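The report below describes the fold, the sheets and a few selected residues of one chain. It is meant to be read beside the sequence and the structure.

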Amino acid sequence: MVGIGSGHAGFINYMSTAAATIRLDLSHAIPTPGKSECGLAWTGNAFWHFDSGSQLLYLISLEGKVIRTLPLQDGGCDTEFDGTSLWQAAPTSLKIYQLNPLTGEILHTLNTIDKCSGLCTDGYNWYRGSWD
């Protein structure tokens, strides 16, 4: 099992667990561009990372190399990748955007009734958090 999280001080932290234990050990820390990590999504071989200070989405390799940078047009909070599209929560405008991960083009916009602050999918269902 692997857990990932946006760390403070400009690092992506990911951890692994042994099947027989519950203890999480920090395996790696990857430096991130920017200083305001808000969203993090795993693609299967790299991380999408959103920096709220620069309003940029970064695709970052496990070695910490920036592979791609996409501007975000409407502020954001959390990021998710479903295997095909990027999804970005924009809590101030009460929207969730489906984005083309190659170009950043908005493919679809979902309106929400409150400020979505977290997105997650298991491949079948979508889950979202709210701070309202």
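## A covered strand and its surroundings

Strand S10 is mostly covered, since 4 of its 5 residues are buried. The model is a predicted one, and the description starts from this strand before it turns to the rest of the chain.

S10 belongs to an open sheet of 4 strands, arranged in the order S8-S9-S10-S11 with antiparallel pairing. The edges of this sheet are taken by strand S8 (79–81) and strand S11 (106–111), each of which pairs on one side only. On average, and with direction ignored, neighbouring strands of the sheet are turned by 20° against each other.

Within this sheet, strand S9 (residues 86–90) pairs with S10 in the antiparallel sense over 5 bridges, and here Trp 87 stands opposite Gln 98 in S10. Strand S10 (residues 95–99) is in turn joined to S11 by 5 bridges, and these two strands also run antiparallel. Among the residues of S10 that are bridged to S11, Lys 95 has Asn 111 as its partner, while Leu 99 is partnered by Ile 106. The hairpin of S10 and S11 has 6 residues between the strands, and in this hairpin Gly 104 takes a positive phi near 85°.

A second open sheet is built from 4 strands in the order S4-S5-S6-S7, again with antiparallel pairing. Strand S4 (37–42) and strand S7 (66–71) stand at its edges with a single partner strand each, so one side of each is left without a neighbour in the sheet. Neighbouring strands of this sheet are turned by 20° against each other on average, direction ignored. Strand S6 (residues 56–61) and S7 run antiparallel and are joined by 5 bridges, with Tyr 58 standing opposite Thr 69 in S7.

The residue pairs named so far, which face each other across neighbouring strands, are collected here.

| Residue | Partner residue and its strand |
|---|---|
| Tyr 58 | Thr 69 in S7 |
| Trp 87 | Gln 98 in S10 |
| Lys 95 | Asn 111 in S11 |
| Leu 99 | Ile 106 in S11 |

As for aromatic side chains, the count comes to 1 aromatic pair. This pair is formed by Trp 42 and Phe 47, whose rings lie 4.8 Å apart from centre to centre with 55° between the planes, an arrangement classed as tilted. How is each of the two residues covered, buried or partly exposed? Trp 42 has a relative accessibility of 36% and therefore counts as partly exposed, whereas Phe 47 is buried, with a relative accessible area of 0%.

Another residue to inspect is Gly 123, which lies in the loop between strand S12 (116–121) and strand S13 (126–130). Because its relative accessibility is 60%, Gly 123 counts as exposed. Gly 123 and Asp 82 are 41 residues apart in sequence, yet their C-alpha atoms are 6.7 Å apart in space.

For the chain as a whole, the secondary structure comes to 0 helices and 13 strands. Of the 132 residues in the chain, 37% are buried, and the chain exposes about 7,500 Å², of which carbon and sulfur atoms supply 57%. Among the contacts in the chain with a separation of 6 or more, 29% are accounted for by residues 24 or more positions apart.

Terms used: Residues are numbered from 1 along each chain as its sequence is written. This is a predicted model: local features need pLDDT of at least 70, side-chain atom pairs count only at pLDDT 80 or more; totals for chains, interfaces and linings use all residues. Side-chain values use heavy atoms; hydrogens and water are left out. Two strands pair if DSSP finds at least two bridges between them. Axes are lines fitted to C-alpha atoms, for helices over the stretch in contact, and angles run from 0 to 180 degrees between N-to-C directions. Rings of Phe, Tyr and Trp (its six-membered ring) pair if their centres lie within 6.5 Å; planes under 30 degrees apart count as stacked, over 60 as edge-to-face and the rest as tilted. Buried means under 20% relative accessible area, exposed over 50%, partly exposed in between (1.4 Å probe, protein chains only). Contact means heavy atoms within 4.5 Å. Accessible areas come from the Shrake-Rupley method with a 1.4 Å probe; for residues, only the protein chains shown count as cover.
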